[in-house]
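Q: Could you take me through one part of this structure slowly, as if we were looking at it together? I would like to see how that part fits in with what lies around it.

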Number of protein chains: 2
Amino acid sequence: MKNTLTNRQQEVYDYLKRESRITGVMPSTREIQHFFGFASQTAAMNHLRALEKKQVIQRVPGKARAVVFPDELDREEIVDIPIYGNIAAGMGQDVDHEKEGCISIDIRSLGLKHNARTFALKVRGESMVDAHICDGDTVVLEFREPRKNDVVAALIDGETTLKRYVVENGKPFLRAENEMFPDLIPARELIIQGVLVALVRNAA
Amino acid sequence: MKNTLTNRQQEVYDYLKRESRITGVMPSTREIQHFFGFASQTAAMNHLRALEKKQVIQRVPGKARAVVFPDELDREEIVDIPIYGNIAAGMGQDVDHEKEGCISIDIRSLGLKHNARTFALKVRGESMVDAHICDGDTVVLEFREPRKNDVVAALIDGETTLKRYVVENGKPFLRAENEMFPDLIPARELIIQGVLVALVRNAA
DNA sequence: TCGAATAGTGTTCAAATAGATACATGAAGA
DNA sequence: TCTTCATGTATCTATTTGAACACTATTCGA
């Protein structure tokens, strides 16, 4: 009795969902009426009532366009993290951050603070497998000062690479996260673009 | 001239964002008025006009509560993936899927299809590091038939573990993703709960 | 075969809402 | 100094919109 929408009700539900996502505005009863070609606005009202009874929407009485999807209501806050480019493949120093897409994800899953300034980079190549970061992964970086043993994105010779930020004898160094490159680069001389805070892998 | 909101305008913007997220309904100009204690509804109108001029909101003329956030508009569709429990720590066979939270993420970042049936599990322990899956990672699994070399979640002795689904001599086997356990278990005898499609790591 | 749920038409009303117009004041810039 | 912008008050209007009421027809399960 909860989720068994009729075909027609599913159509109305899908319309509401689609329209509110694309336009950002929930349709009014009359917009529903006209979309489905109803001769009467009451038909739309009836469908809304039915959908509400079956728990898939909620309505706030007396307010205009006040149809709410309960699922989306108890959702965490969502942030849009811009993807700026590739690791070890570009992202010059002063490239003015040309966006190549976006990750939209709730802040809790990434453990982000609300005000954190973050961006993302696509990983190319197998150079970070030692840190369990694979080719094709998307790493999320925060723009802040690195702490000891953070993984950081550093700009070296015009290329961005991931290194671990280590402190030895009180001095900061960058250690490569790949045993093929046992470098130890003084951290003071380079530009650290961000600190790794999260990772998203698409394995499909 | 774009992003330089005044303090008051930022307050109004935050109010709109917060209210629409929590209640699911965008405030009307009169609700804005009353929230801020304006004596006139025009004050709210003026602020909306200012915010629109500065590009942080859009409005649809003639429609009620039709304030839109442009950033959220060109966002991909977002799915809520329920987190059901831990890998190698529980999730009995017929546990009726008690939800322990949710990952909300756009479908494109995870490469999911719109209709895919997915769920997520928290990884406990270092047993999957060979597949570059670490303690604390959240794996996203799809409920479908495994293909060759997929990583699958299998129920063995009342525990869920990740294995690789391999086919040798035409017969399916599960191979442990940890060199400490070089098992090769006939796949026919077990319950495969899902196929790994994505992974989210919180490194912060 | 009776009632409930589904799916509509047609009409009317009142509340919710956007929007316009006139006016005021103070701060910031040119 | 003059103008623009930010931030308001006060009032009125037209439109949008939810909501109620009366009525019809079909399907489906008990």
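**A close look at strand S6 of chain A and its surroundings**

A: Let's begin with a pairing: strand S5 (residues 118–123) of chain A is joined to S6(A) by five bridges, and the two strands run antiparallel. You can find one of these pairs by eye, since A:Thr118 has A:Glu142 in S6(A) as its bridge partner. Please keep in mind that this is a predicted model.

Now look at S6(A) itself, which covers residues 138–142. Is this strand enclosed or open? Five of its five residues are buried, so the strand is largely enclosed by the rest of the structure. Its side chains are split between two directions: A:Thr138, A:Val140 and A:Glu142 point one way, while A:Val139 and A:Leu141 point the other way. Both sets are buried.

S6(A) also pairs with S11(A), in the antiparallel sense and over five bridges. Here A:Val140 has A:Ala198 in S11(A) as its bridge partner.

Let's follow S11(A), residues 191–202, a little further. This strand is also joined to S7(A) by four bridges, and those two run antiparallel. In this pairing A:Ala154 stands opposite A:Ile192.

S7(A) takes up residues 151–156 and is mostly covered, with six of its six residues buried. From this strand, A:Val151, A:Ala153 and A:Leu155 point one way, whereas A:Val152, A:Ala154 and A:Ile156 point the other way. You will find all of them buried.

What does S7(A) pair with besides S11(A)? S8(A), residues 159–168, pairs with S7(A) in the antiparallel sense over six bridges. One position to look for is A:Val152, which stands opposite A:Lys163 in S8(A). S7(A) and S8(A) form a hairpin, with two residues between them. In the turn, A:Asp157 has a positive phi of about 55 degrees.

Next, let's turn to the contact between the two chains. This contact takes 43 residues from chain A and 43 residues from chain B. Between them the chains bury about 3,400 Å², with 51% of that area on carbon and sulfur atoms. Across the interface there are 17 residue pairs in polar contact. The side of chain A that touches chain B receives at least two residues from each of H1, H4, S3, S4, H5 and S11 of chain A. The largest share of that side, seven residues, comes from S11(A), the strand that also pairs with S6(A). The interface has four salt bridges too, including one between the side chains of A:Lys63 and B:Glu31 (3.3 Å, N to O).

For a single residue at this contact, try A:Ser104, found in strand S4 (residues 102–106) of chain A. With 3% relative accessibility, A:Ser104 counts as buried. The side chain of A:Ser104 makes a polar contact with the side chain of A:Asp80 at 2.7 Å. A:Ser104 also touches residues of chain B, among them B:Arg75, B:Ile78 and B:Ser104.

Finally, how are the two chains related? Chain A can be laid on chain B with an RMSD of 0.1 Å, using a turn of 180 degrees and a shift of 0.1 Å along the axis. The two copies are thus related as by a two-fold rotation axis. The same surface serves both copies, with 100% of the contact residues of chain A recurring in chain B.

Note on methods: Residues numbered from 1 in each chain as written. Chains lettered and ligands numbered in written order. Predicted model: local features only at pLDDT ≥ 70, side-chain atom pairs only at ≥ 80, totals over all residues. Heavy atoms only, no water. Least-squares fit on C-alpha atoms with pLDDT ≥ 70 in both. Contact = heavy atoms within 4.5 Å. Buried < 20%, exposed > 50% of the residue type's maximum accessible area, 1.4 Å probe, protein only. Pairing = 2+ DSSP bridges. Polar contact = N/O pair within 3.5 Å; in protein donor to acceptor, adjacent residues only side chain to side chain. Buried area = accessible area lost by both parts, 1.4 Å probe. Lists of a residue's contacts leave out its neighbours within four places in sequence.
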